[in-house]
There are 2 protein chains.
Amino acid sequence: MQFWFEFSSTYSYLAALRVEALAGQHGVPLEWNAFLLGPLFQAQGWNDSPFNLFPVQGRYMWRDLERICADLALPFRRPSQFPRRSVLAARVACRFADESWLPAFVRAVFRANFVDDQDVSQPVVLERCLAALDLPGKALLDEAQSPASKAQLRAQTEQARALGIFGAPSFMVDDELFWGNDRLEAALAWTHAPSPVNPAG
Amino acid sequence: MQFWFEFSSTYSYLAALRVEALAGQHGVPLEWNAFLLGPLFQAQGWNDSPFNLFPVQGRYMWRDLERICADLALPFRRPSQFPRRSVLAARVACRFADESWLPAFVRAVFRANFVDDQDVSQPVVLERCLAALDLPGKALLDEAQSPASKAQLRAQTEQARALGIFGAPSFMVDDELFWGNDRLEAALAWTHAPSPVNPAG
């Protein structure tokens with residue numbers, strides 16, 4: 001299963017903390033695909049998070065998130081800035097997607113933003129996340145900002161668009177797209193028993 | 001629990017078919033509150049369903065709905081028109097909200113639209129739904145179109161807005177708003193054990 005996430009997305013935080021354990025229970029191999037929502041939102045005329053553009057939806061989202069975190073006993077503190085620029089973190093995640101430390105790094109960045117209210121747009125914060133995993137933060141960030149790495153994230157975001165992805169988190173199982181943290185279980189179920197639903201029906 | 005629904009909303013169809021049995025299992029009294037999404041959408045600059053305005057989301061929604069209906073063994077056929085004008089059905093549901101036949105009428109209208117592809121904006125279709133329940137369709141529709149009844153639906157839609165409702169279906173449990181068919185179970189759980197979540201936390 002492909003897990004498509006955006007570091008600035010609140011519901012991606014929930015999914016990022018849940019996905020590895022759940023996929024493991026289902027015996028489903030996981031691909032971690034960072035991408036940027038900004039270019040996709042801009043394509044439909046939004047220059048900010050829809051949760052800021054539509055404040056009534058935004059108010060609801062924060063409360064919904066708070067309730068879900070309480071239910072799941074996940075820590076959560078509303079960040080003092082939202083959304084935070086995620087491009088550097090996404091470049092790291094995209095460039096090093098195949099490294100064994102990647103899932104731990106992704107979770108660390110999400111926690112920094114949505115638990116510790118740290119400005120994850122800043123290299124120093126990401127360096128700390130990497131250093132906490134005994135990784136050479138500065139060298140990895142430099143590599144993540146190489147032209148090749150930047151192009152890699154642009155291509156991955158373009159691939160998201162081509163797959164019909166419009167929000168985060170999203171899950172792809174073969175050709176089936178599932179959107180939202182609350183569809184994670186349905187996506188995993190689909191890996192076992194794709195229903196013979198006819199799209200034309 | 002208040003169940004807020006819009007007859008033209010696809011996910012309201014799912015909730016309308018599920019809500020009474022589930023609320024019964026929880027011993028939760030149910031209030032059926034029809035309202036119109038149109039005026040709420042217009043207030044944020046949308047003159048059509050967001051599923052039409054944003055076709056990528058729309059394509060996903062139809063597939064999502066199809067999968068959920070297959071999972072739940074609910075019948076479903078994509079209507080040839082979407083959305084269908086729901087104002088007359090909503091006036092009936094609002095005017096006769098306290099009648100014992102109301103839930104059956106609501107389900108009949110949703111089925112007419114989302115299973116039998118009938119044009120539920122037409123009085124004759126609603127008359128048939130009422131007649132099938134042994135009710136005097138014509139007389140009830142006339143009453144639903146009285147000035148008092150029209151004002152009642154306007155007031156109910158205004159109340160939805162005042163509650164922070166922005167989509168359908170929505171569920172209210174005391175002051176807690178839950179949005180979406182996939183939050184029905186969470187709303188019912190909330191009726192038993194409101195968590196001491198501090199909104200300022």
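## Exercises on a two-chain model

Chain B superposes on chain A (least squares on the C-alpha atoms of residues with pLDDT of at least 70 in both) by a rotation of 180° with 0.0 Å of shift along its axis, at RMSD 0.0 Å. The model is predicted: local features need pLDDT of at least 70, side-chain atom pairs count only at pLDDT 80 or more, and totals for chains, interfaces and linings use all residues. Residues are numbered from 1 along each chain as its sequence is written, and chains are lettered from A and ligands numbered from 1 in the order in which they are written.

**Exercise 1.** State the relation between the chains and describe where they touch.

*Solution.*
- The rotation of 180° with 0.0 Å of shift is the relation of a two-fold axis.
- In chain B, B:Asp182 has the C-alpha nearest the axis, 3.9 Å from it.
- Contact (C-beta atoms, placed from the backbone, within 7 Å) involves 18 residues of chain B and 18 residues of chain A.
- On chain B's side, α4(B) gives the most, with eight residues.
- The copies meet through the same surface, because 100% of the interface residues of chain B are also interface residues in chain A.

**Exercise 2.** Work out the strand order of the sheet in chain A and find its edges.

*Solution.*
- Strands are DSSP runs (E, at least two residues), numbered from the N terminus; two of them pair if DSSP finds at least two bridges between them.
- β1 (residues 2-5) and β2 of chain A run parallel, joined by four bridges.
- In chain A, the four strands of the open, mixed sheet follow the order β2-β1-β3-β4.
- β2 (31-34) and β4 (176-179) of chain A each have a single partner strand, so one side of each is left without a neighbour in the sheet.

Terms used. Contact = placed C-beta atoms within 7 Å.
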